[in-house]
Protein chains: 2
Amino acid sequence: MTLIVEKFGGTSVGSVERINAVADHLIKKHQSGEQLVVVVSAMSGETNRLVGLASDISDEPSPREMDVLLSTGEQVTIALLSMALQKRGNDARSYTGGQVSINTDNVHSRARILNIDGARIKSDLDKGRIVVVAGFQGVDFGGNITTLGRGGSDTTAVAIAAATEADECRIYTDVDGIYTTDPRVVPNARRLASITAEEMLELASLGAKVLQTRSVEFAGKYKVPLRVLSSFIEGPGTLITYEEEGSSMEAPLISGIAFQRDEAKLTIRGIPDHPGIAHQVLGPISDAHINVDVIIQNASAKGLTDLTFTVPRADYKPCMEILNQLVLTLGARDVRGDDQIAKVSIVGVGMRSHIGVANKMFKTLADNNINIQMISTSEIKVSVIIDEEHLEKAVQTLHDAFELESA
Amino acid sequence: MTLIVEKFGGTSVGSVERINAVADHLIKKHQSGEQLVVVVSAMSGETNRLVGLASDISDEPSPREMDVLLSTGEQVTIALLSMALQKRGNDARSYTGGQVSINTDNVHSRARILNIDGARIKSDLDKGRIVVVAGFQGVDFGGNITTLGRGGSDTTAVAIAAATEADECRIYTDVDGIYTTDPRVVPNARRLASITAEEMLELASLGAKVLQTRSVEFAGKYKVPLRVLSSFIEGPGTLITYEEEGSSMEAPLISGIAFQRDEAKLTIRGIPDHPGIAHQVLGPISDAHINVDVIIQNASAKGLTDLTFTVPRADYKPCMEILNQLVLTLGARDVRGDDQIAKVSIVGVGMRSHIGVANKMFKTLADNNINIQMISTSEIKVSVIIDEEHLEKAVQTLHDAFELESA
């Protein structure tokens with residue numbers, strides 16, 4: 001018998017009507033012979049309501065009590081979905097994180113799952129029940145309620161799939177799969193039938209946010225077949241796979257193009273070069289809780305060096321202020337900046353074994369008169385920083401050049 | 001050190017403002033040297049909101065899932081109250097029913113508490129923490145969430161007081177204690193400094209609904225000193241005590257006067273008398289889920305008997321229909337009814353050892369031209385059924401006759 005874990009987010013269970021629709025869907029799947037575990041989030045809006053109550057009480061509510069509070073959101077959903085399934089004739093059972101021993105560490109609000117006891121779930125499945133589990137939550141060794149932080153329900157689903165050795169873990173979202181790039185930018189972008197977890201991670205971290213990075217990592221660790229589907233449109237979605245040894249030889253050159261708008265670039269020029277410069281510059285930026293993305297350091301003439309990096313556009317001004325201070329303390333020449341840049345990345349496990357992928361990217365952009373300001377590479381990704389006004393053109397011409405519209 | 005369990009109902013924690021007020025109160029008590037366990041209900045309105053969601057999903061939601069759903073109400077309150085206490089400097093901890101092992105049977109929606117592990121609570125108290133526990137809920141032996149039904153939070157408070165051997169259990173309500181009778185009817189009604197549990201039970205079941213019967217029974221079983229106080233007005237409230245052997249000799253003759261409006265009386269007359277008549281008449285009434293209160297059977301002439309009983313006024317019509325059917329099947333003469341009656345009861349453990357209390361009641365009513373239609377007695381209570389128009393006069397004259405305005 002096929003055992004499937006399905007996960008529905010807050011929008012998918014955001015109203016009584018949506019919960020009924022999810023119940024209809026599950027009953028149909030169950031009747032087709034699948035054993036089903038369903039992981040659900042809080043109804044959309046509920047978490048905000050609870051956060052609002054807490055902030056009316058305290059500016060700094062304790063993470064432990066926030067977890068007690070927020071975990072009620074999923075608990076409401078599991079009860080309602082179970083009722084809807086029971087009304088349709090299935091003897092469904094709901095479980096909180098604690099009830100199926102989703103054991104976590106004790107880091108409230110962003111706990112990590114340590115282990116799950118799949119026995120109780122399997123016992124219910126064997127009785128023909130659909131099992132409904134609250135996502136996002138667990139218990140620590142002391143029995144305290146914990147929550148897993150952003151994207152936690154995805155992680156719950158993957159962890160349960162691993163613990164029950166499920167055949168597949170399906171994450172229902174508001175998109176019908178992973179695309180070669182954003183269809184709003186490239187109309188002939190193509191839904192990928194499958195993608196490797198590594199590629200998915202690169203695409204996700206670059207802005208194609210469909211799944212939380214953590215749940216993909218978790219799925220990779222336990223080799224859980226993960227599928228992204230739409231909760232609104234029928235379709236096969238995209239299957240996330242795990243590379244077998246040597247299989248990359250046959251992988252397509254590149255799988256997709258990710259991009260990130262709203263970036264800014266800053267350069268501190270003419271710093272007297274000595275070991276530790278990068279740390280001296282980036283330390284204060286990090287202390288200000290600003291995420292630095294691409295970093296490039298070039299030695300310039302006469303023992304001086306330039307350091308360039310990108311940050312989210314919203315952090316451009318505070319970053320500029322920090323650097324202007326550093327110019328004085330480090331004895332650097334000056335600071336330059338550009339807050340109208342964007343990042344474009346090609347991602348693919350295939351590029352590991354195919355020299356020339358990066359070069360093809362650079363040539364394509366050059367042929368289209370798009371100037372590359374910075375380059376950053378990893379094993380399965382090449383990113384370039386360009387003027388934001390060229391973003392759409394860059395993504396479209398790269399999509400064409402790598403023939404991503406055809407499988 | 002004094003250990004106190006305090007319980008606040010839904011109105012007392014019905015808003016962020018009220019929760020803050022409860023937190024202020026608790027901090028003051030704690031600073032005065034009391035160890036505190038607080039039991040809270042769901043914020044007023046929350047249970048109705050959840051019930052509404054459930055009934056939108058299913059006409060007949062399963063009791064198990066209703067308990068999963070409704071128990072979130074108290075969980076929200078414990079988190080918010082703990083945050084409010086933490087903001088005021090106490091390292092408060094919240095616990096769901098399951099987390100402090102409030103173990104119940106598995107009768108969902110009206111579970112009974114089997115035992116509580118007080119160790120976890122005591123360990124927190126010893127660290128100077130105020131412990132906040134969700135009322136109304138527990139877990140069965142299988143780890144399923146249960147709820148205790150109406151008045152369940154009172155029962156939780158009493159059970160925790162018993163398990164932790166607390167010095168007192170304080171139930172905060174919207175009244176400032178138990179009165180000799182309803183002050184809206186008798187302006188000189190007096191708040192009782194104390195009342196025995198038995199008297200409290202008789203008063204409660206007769207309409208003076210301050211505490212749920214079950215929590216008083218529970219308190220009596222474990223001899224938990226129980227105090228009823230107002231959550232809005234400062235004051236000592238009323239202490240509920242437990243009779244020691246022989247102490248009833250000194251008890252006041254009667255403690256209070258309870259009454260019940262909106263009653264109706266029905267008589268089925270001329271039933272051929274044979275064993276089982278009462279069952280044959282009252283069985284169909286009970287099957288229709290109608291609560292019968294006072295019952296009187298009189299043999300009349302020629303082997304015929306009359307059966308008279310009272311029911312809530314709202315059930316008068318359906319009752320009349322059932323009886324009219326029974327007249328045919330039992331071969332009785334006819335049915336009479338009166339839906340404008342009321343019940344007045346005097347309650348007191350003292351009447352056990354004082355003959356003449358009932359007679360004084362009858363004489364007082366006779367002196368005031370109030371006709372008694374039915375009489376029912378128990379060890380510590382005498383109830384009479386009278387025409388409803390005389391209710392206020394009856395209660396006032398009895399209150400005067402038994403000198404209840406003075407302690």
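In the predicted model, helix H4 of chain B (residues 119-126) buries B:Ile121, B:Asp124 and B:Leu125; a residue is buried if 20 or more other C-beta atoms, placed from the backbone, lie within 10 Å of its own, exposed if 12 or fewer, and partly exposed in between. Helices (H or I, at least four residues) and strands (E, at least two) are DSSP runs numbered from the N terminus. The three buried residues lie on the same side of H4(B), because they cover an arc of only 100 degrees around the axis, taken from the directions from the helix axis to the C-beta atoms. On the other side, B:Ala119, B:Ser123 and B:Asp126 are exposed. Strands S1 (2-8), S2 (34-40), S3 (93-95) and S6 (131-134) and helix H5 (152-163) of chain B pack against the buried residues of H4(B). Just after this helix comes B:Gly128, with a positive phi of about 85 degrees.

Turning to the pair of chains, a turn of 179 degrees and a shift of 0.0 Å along the axis lay chain A on chain B with an RMSD of 0.2 Å, by least squares on the C-alpha atoms of residues with pLDDT of at least 70 in both. The copies are thus related as by a two-fold rotation axis.

At the interface, 27 residues of chain A are in contact with 27 of chain B, contact meaning C-beta atoms, placed from the backbone, within 7 Å. H3(A) gives the most to this side of chain A, with 14 residues.

Residues are numbered from 1 along each chain as its sequence is written, and chains are lettered from A and ligands numbered from 1 in the order written. As this is a predicted model, local features need pLDDT of at least 70 and side-chain atom pairs count only at pLDDT 80 or more, while totals for chains, interfaces and linings use all residues.

Technical notes:
Contact = placed C-beta atoms within 7 Å.
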